[in-house]
Structure formats: structure tokens, C-alpha cells
Amino acid sequence: MALPVEQWRAVAARCWAALDPTLQERFAAASLHDMVRLGCGLLRPEEEAVALRSLCRRARTGKEPAAARFYREEGNRLFSRRRYEAAVRLYSQAASHEPPGSSEVSVCFANRSAALFHLGCFEVCLEDIARAEGHGYPDRLLPKVLLRKAECLLCLGKLQDAADALCVVENKIAMDGVMTSPTHETLLKKLSQLKNKLHEKENCSEPTQEAHGDLQRKSEIWEENDRISGASSSLSLNFNTERGRHLVASQDILPGQSLLKEEAFVSVLCPGESCLLQDSSETTWDTRVTNADLYCHHCLRPLLASVPCHGCSYAKYCSQSCADVAWEHYHRTECFLGALLLTLGVFCHVALRTVLLAGFAEVSRLVESSHDSDKDLHNPEARCKHLSEAPGTRAGGTRGIPGCNDDGQYQSSYQAVFNLLTHTEKHSPEHKFLCVLSVMAICRQLQEAGLEAAILNRESSENPYKPETCEKASGELSPELKTVAEAMLRHILQLQCNAQAITVMQESGSGDGAVVNKKPVRLATAFFPVLSLLNHSCCPNSSLSFSGTAVTVRAAQPIPSGQEIFHCYGPHRCRMGVAERQQLLSQYFFECRCQACLDELEPDVKSMASMRNLFCCSSCQAPMQGEDMLCCSNEACAASVSRESLLCRLQDLQHQIQKALELLRDRKADQAIKMLLKCQTDARSFLSPQHLLMGEMEDHLAQVYATFGKWQEAAQHLERSIKIVEMHHGPSSVEIGHELFKLAQILFNGFAVSEALSTIQRAEEILSVHCGPQSPQIQELQEMKTCLSDLPRNTLQR
């Protein structure tokens with residue numbers, strides 16, 4: 001959710017409508033500086049502020065012991081049913097709700113360690129056992145946990161550590177005295193078993209196992225640009241009035257070559273739906289898993305056993321190190337504002353974190369310097385003319401280009417972020433008013449909570465988890481907070497055109513099958529100042545991949561010297577037609593004139609995306625033509641049907657497919673395959689064989705047959721899916737790469753050796769271009785290839 005919740009947008013709209021028309025005109029024409037000054041008196045405590053506080057109460061980000069008990073009990077219930085992965089998530093939720101100093105959090109960690117042990121995650125299990133001990137796990141229960149620790153160490157082959165742990169347990173049991181309870185007897189029996197297991201391992205002369213088939217990791221050739229941080233030396237930064245700042249190839253570039261490696265200046269995890277509840281009076285808690293439960297809130301790495309924030313229940317981290325870094329740099333301020341930030345949306349959150357990371361001194365310096373150039377900011381033609389006449393810009397230099405330092409270097413810095421275009425004059429007055437009200441609300445709460453000092457001087461209060469409310473009533477913002485507000489307003493407006501979605505390939509379905517089906521999911525919103533230099537094309541020549549908070553841009557095709565580097569902002573020519581693309585791109589305040597759009601605007605040119613929506617005649621299967629009323633293209637057939645009725649059939653078909661996938665997730669594969677086959681029969685009666693949904697159904701059928709271990713049938717369905725995907729996206733697209741990866745898994749599991757090896761090779765060639773040789777999929781493909789290559793020669797010939 002980039003923007004504030006709908007209810008807050010409605011409050012802002014009413015407030016705007018109630019303003020005097022003269023004030024509306026002044027606000028619409030105001031600079032960022034003046035908008036903040038005008039906005040200071042617009043957030044009325046008796047109305048808008050009260051409504052916002054009511055909305056914030058629905059976002060439950062505080063510590064709630066009752067919630068902790070609920071999640072822990074739910075975790076215990078699922079643990080008893082051997083649903084260990086789900087139990088881990090619930091124990092993590094329980095730990096996040098335990099207040100600081102509570103000994104109950106140690107029980108959460110201990111319970112979670114048990115689930116992790118059953119999942120075979122021994123290293124992480126040991127970490128949780130250490131956390132349980134460190135948080136005061138009850139002494140009477142400690143022997144059971146210490147036995148688990150010893151067993152983990154045995155499984156990891158750390159025999160001396162395991163022996164030491166067993167000695168500690170034995171001494172602990174002896175010190176507790178002689179007991180005859182069933183629990184005590186069980187402990188002694190387990191201790192005896194582990195000691196025997198240790199003795200067997202010590203007497204075993206097995207060599208330490210090394211990873212099978214030591215894979216050689218390919219290193220990418222990389223020479224960094226001395227003028228643009230993180231960019232390849234094969235790029236140059238140019239500027240002109242038509243294209244603005246943009247990157248151009250300064251030499252011929254090959255497919256797969258890395259063009260840019262950049263760490264996000266700032267990134268904020270996108271919250272899940274369950275973070276905002278519909279009714280603040282609810283006493284039950286949501287158990288749905290969202291991004292907030294799956295990824296570290298600082299580094300965005302996948303979470304297995306999260307480390308909770310001590311002050312709120314929302315922020316979760318992959319390690320104590322990430323938690324400490326986040327607290328030091330921004331979370332000690334954000335922690336108290338959690339509910340407000342969730343209510344006001346990710347853009348407001350990114351804007352605040354950007355200011356916190358930059359530091360007030362740098363923010364103040366750039367805000368003050370921007371006041372001298374406000375006229376240019378409101379007159380893009382004059383600004384571009386001024387820039388094009390700046391020294392060095394015509395001769396290929398970079399001095400004078402916004403964001404560059406005095407030496408003409410463009411770095412991934414706050415200065416570069418600050419100089420991204422805001423398009424202030426192009427945003428609607430109502431939208432700018434909403435942004436101002438939201439920024440004012442954040443700054444007011446910072447002032448009321450006594451957090452202003454933390455922003456300005458990075459000072460920690462005595463009790464960092466409970467900021468003290470200021471005694472003075474919320475009145476005029478301090479000059480420093482007005483500066484902060486102005487910078488935040490700038491960043492919110494910049495984000496509409498410069499926000500970058502960090503995406504990950506996330507497993508869809510149950511995730512426990514032999515074939516892993518993945519889809520791209522938006523994980524976070526970020527500022528990448530160097531990446532923002534890339535202009536849009538609906539058919540780009542580059543491809544993006546993410547690892548944590550870092551992005552890598554690679555050439556997706558040969559790029560000759562002098563050609564601009566393009567990135568797709570979302571609407572790709574393979575996914576939608578030109579009219580739909582142009583409508584979506586209007587949010588970026590430009591009309592796309594890329595070659596793909598120009599080609600499709602030519603008469604009698606059919607877009608690639610239009611094939612997605614092709615209907616066929618139910619009588620003769622010829623293509624249907626027309627707008628509202630479609631007629632069969634076969635002159636001998638007089639069939640006709642309304643587009644509306646066909647779209648209704650399509651919607652119903654998609655609904656049935658989703659039902660089949662739900663059956664598959666519920667492990668009812670027999671019912672799922674029957675429903676999918678029926679859907680396929682229905683689809684053939686009115687959809688073109690090239691329709692993308694036909695390919696999707698083949699993909700789903702392949703997944704179902706794979707669950708039965710019917711690898712040959714699964715491969716046949718997936719090969720049919722690949723033909724349709726290739727028709728839409730092209731033979732070297734990343735989409736084909738992902739489909740070939742799945743086909744390789746099926747052929748590998750089906751022991752179709754020669755077909756598997758050739759598919760692996762093709763998948764590697766495509767995915768290495770788009771994702772790089774270090775990507776998890778490439779590594780898995782190489783492991784499969786190594787395994788198959790080690791088979792006897794006569795097997796390889798099969």
C-alpha cells in the first residue's frame with residue numbers, strides 16, 4: 001500500500017473541499033517550502049487528527065501479552081500435528097508480542113527450536129536454544145532443551161561440542177536430585193541414547209563429508225565506472241532536454257553483461273494485509289503469513305527464525321546484528337510511530353526513513369540550497385535549458401547535472417536522491433494536499449512524543465521503547481521539523497516517478513513438491529538513485545534482479561555503443577496493449593514514444609499482448625473479430641457473440657482454475673486434476689490455442705502430474721506451456737527461463753537424462769543473462785547437471 005489507507009484519503013478530500021477557493025489556488029501554485037508553511041495550520045486536532053488517531057488504533061503494532069499467548073498456543077497445536085514450518089511462524093509471532101523483560105519469550109524461542117529441529121534446521125535451532133537460555137528459560141525445563149542442543153551438534157558432526165553439551169546435561173540432572181517422574185525417566189533415556197550415538201560416531205572412521213560436486217562459481221567481469229558509482233565502465237551519463245539524465249553505452253555490450261550494481265539508499269518492506277484490522281475491538285489475531293513474517297525488515301533476506309524488536313510487534317529481523325543496525329540508524333524513531341506509518345502508507349514510511357538515514361545536517365543543507373532554485377524547479381524548460389548550457393554537459397562531461405558532486409561524479413548518495421525530479425507542478429493539488437497532511441501528522445507526532453532530538457542529534461532517551469510525551473500542547477512545528485517536513489514532502493512526490501519495487505521469486509502453492517513453482521512478488525519499495533537514471537521502454541534492453549536490498553542490472557540483449565540503456569517501469573509490450581500501457585504510464589507524467597509503442601500505433605499492426613485476449617468461434621474454432629459484438633472470421637460461418645458474454649465466461653473459467661489450485665494446495669490432487677481437465681475442455685470451446693490462459697492451464701496440469709510422480713505426462717504438459725509462453729514473451733525471455741527451470745526439474749526427477757541435460761543448458765544460458773551466474777536457480781541447475789554427469793556413461797546415453 002503506497003498511499004495512505006482509503007479512510008484517511010477520504011478525510012483529506014473532505015478537508016480540501018472545505019478550504020476557501022483562494023487558499024486552494026495558493027496551495028496549488030505553492031513551492032514545497034510554501035506548501036509546508038501553509039500545511040502547518042491545516043491538521044486540526046479536533047477533527048483530522050482525531051480521525052487519524054482512530055485509524056491508527058486499527059494497526060496493532062504494540063506488545064500484547066494476550067496475543068503472545070494466542071500465537072504460542074496456536075503454534076503448539078500445529079506442532080502437535082507435525083506442521084512444523086507453520087508452527088515456527090506462529091512461535092515467531094508470539095515472541096514478537098512478548099514485552100521487554102518477559103521470561104515468556106524464552107519459552108517461544110525454546111518451542112521454536114523444537115520445530116526447527118524437526119525441519120532439520122540445526123544451526124538455526126542452536127541459535128534459538130541460545131536465545132532461550134539468554135532470556136531466562138525456566139531452570140526445571142532446561143535439561144530437555146540442552147539435550148536438543150547436544151542432538152543438533154551430533155547431527156552437525158560437532159562431536160566434541162556435543163560431548164560437552166551432554167556432560168552439562170548429565171551434571172544438571174544430577175544436581176537436580178533423584179526423581180522418579182516419567183519426565184525424568186524420559187530425560188535419562190534420551191541422554192543414554194545420545195551418549196551411545198556419540199560413542200558410535202567417535203568410533204566411526206568416516207571421513208568428513210564434503211559438498212558433492214564442488215561447483216565452480218563463475219566470476220563476472222566487472223570494471224566500475226569512475227564517474228557513476230556502481231555502474232560499469234561501459235556506461236556514460238548524458239543529459240539533454242528531451243531525455244533528461246540517462247545512461248548510454250560507451251562501448252558494445254554483450255547479453256548478460258552487468259551494467260549496474262547498486263545498494264538501495266533506502267528500502268521499506270511492504271506490509272501485508274493482516275497488519276491493518278477492520279475492527280479495533282477484535283480480540284482475535286490474524287494468523288495469515290505476510291511479507292512482514294517472511295523477510296528481514298532491514299536487509300530483506302528471507303526469515304526463518306526472526307529476532308523481534310524489543311519495542312514493537314511489527315519489526316522482525318534475521319539476526320540481532322540487523323536489529324541493532326536498524327535501531328541505531330532509523331528504527332528507534334520509527335518504532336513508536338509504527339501504527340501511524342502503516343496507516344499512512346509505504347511512501348510516507350520511505351520518506352521518513354530517507355531523512356533519518358541522511359541525517360539532519362545533510363537534509364538541512366540541501367533543503368536550504370533548494371530554496372534558491374525553486375523557480376527553476378517549477379519551470380522545467382528553464383531548468384533543462386540551464387542544465388544543457390552547464391559546463392561539460394555538451395562535451396560528455398557530468399558537471400552541472402543534478403545529483404552530481406562538485407567533481408562531476410554521480411554517486412548513490414542522499415544528494416542524488418534529493419535531486420530526483422518531484423514534478424511538483426504536475427501532481428494534482430488534491431494529491432499534494434493529502435501528502436502535506438500526512439507529513440504534518442508524522443512531524444506532529446514526532447514533536448508530541450519527544451522524538452525530535454533523536455532526529456536532529458541522534459540522542460537516545462533513557463528508556464528508548466517508551467518516548468515521553470512533551471508537556472506542551474501540539475502547536476507550531478519547530479523550524480527544524482518544518483525542514484524535515486519539507487524534505488519528506490519532496491521524497492513522497494519523487495516516489496511516484498522514482499520508486500523502485502524490489503521483487504523476489506516466491507514459491508506458490510504448498511512448496512513441498514518435487515517441482516517448485518515460483519512467481520514474482522513485490523517485497524519492498526526503495527530509492528535507487530543510480531537505477532533511477534534509466535529511462536523507460538516497453539521493450540527494454542536490460543533486465544533487473546534483486547538480492548536483499550541490492551539490485552543488479554544486466555544487458556538483456558546486445559547493446560551497441562551509443563544506444564541508451566532502457567528499463568521497463570512495469571507495463572511491458574508482452575503483457576498489455578499500447579493503449580493500456582500509455583494509460584498506466586501517465587502516472588510518470590510522460591507519453592511513451594519507445595519503438596514498441598510507435599510500432600503498435602501504426603495501422604493494421606497487432607500487438608503481442610492482444611494475443612492474450614484472442615477468442616475463437618465455438619463452432620469452427622476460427623478467430624473472432626470485432627469490438628462489442630464479435631463475429632467469426634470464417635465467412636462460411638455466421639456465428640456471432642457479444643464480447644461481454646465471452647469475458648464473463650473467461651472470468652468464470654479463471655475462478656474454476658483457482659478452485660482447482662486450492663484443491664491442489666489442500667493435497668487433493670485427484671480432484672484438482674479432474675477440475676483442471678474440465679477447465680481445459682471448456683477453454684478450448686471459446687479461447688484461441690495461443691491464449692496465455694491455455695498455457696497457464698498446461699503449466700498447472702504439469703504441476704499436478706508431478707505430484708503423482710508421472711514425470712513424462714508432466715513434461716508433455718509443460719512443453720506445451722513453454723510453446724505458448726515463448727510465443728508471447730520470446731525465446732530468450734526471463735519467463736522462458738523460469739519455465740525451462742521447471743521442465744529441468746521434471747526431467748531430472750523423471751530420470752530423462754539426455755533431455756534434462758539439454759534443458760538445463762538452455763535454462764542456464766537464459767537465466768544467467770537475466771539473473772547472473774550466482775542466482776539460486778543457476779546454482780540448482782548446476783547441481784542437477786553435476787549429479788547427472790556423474791552417472792555411468794551408458795546411463796547418460798539413455
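In this predicted model, Met-624 has Cys-632 of strand S14 as its bridge partner. This pairing belongs to a small set of strands that may be followed in sequence order. Strand S13, residues 624-626, and S14 run antiparallel to each other and are joined by three bridges. Two residues separate S13 from S14, and the two strands form a hairpin.

Strand S14 itself spans residues 629-632 and has two distinct faces. Leu-630 and Cys-632 make up the covered face, whereas Met-629 and Cys-631 make up the uncovered one. Cys-632, the partner of Met-624, therefore lies on the covered face according to the assignment of S14 residues. S14 also pairs with strand S15, residues 640-642, again in the antiparallel sense and over three bridges. In that pairing, Leu-630 of the covered face stands opposite Val-641 in S15.

The helical part of the model offers a packing arrangement to examine. Two packed helices are described by the angle between their axes and the distance between the axes. Helix H3, residues 32-39, and helix H22, residues 479-498, have axes that come within 9 Å and cross at roughly 120°. Because of this angle, H3 is oblique to H22. The crossing of the two helices is right-handed. On the H3 side, the contact involves Leu-32, His-33, Met-35, Val-36 and Arg-37; these residues meet Lys-482, Ala-485, Glu-486, Leu-489, Arg-490 and Leu-493 in H22.

An annotated segment completes the description. The unreviewed UniProt entry places the feature "repeat: TPR" at residues 68-101. In the model, this span is 79% helix and 0% strand, and its end C-alpha atoms lie 14 Å apart.

Methods:
Residues numbered from 1 in each chain as written. Predicted model: local features only at pLDDT ≥ 70, side-chain atom pairs only at ≥ 80, totals over all residues. Heavy atoms only, no water. UniProt positions renumbered as here; feature names shortened; annotations may be inferred. Helix = DSSP H or I, 4+ residues; strand = E, 2+ residues; numbered from the N terminus. Buried < 20%, exposed > 50% of the residue type's maximum accessible area, 1.4 Å probe, protein only. Pairing = 2+ DSSP bridges. Axes fitted to C-alpha atoms, helices over the stretch in contact; angles between N-to-C directions. Parallel < 35°, antiparallel > 145°, perpendicular 65-115°, else oblique. Left-handed = near helix turned anticlockwise from the far one by under 90°. Contact = heavy atoms within 4.5 Å.
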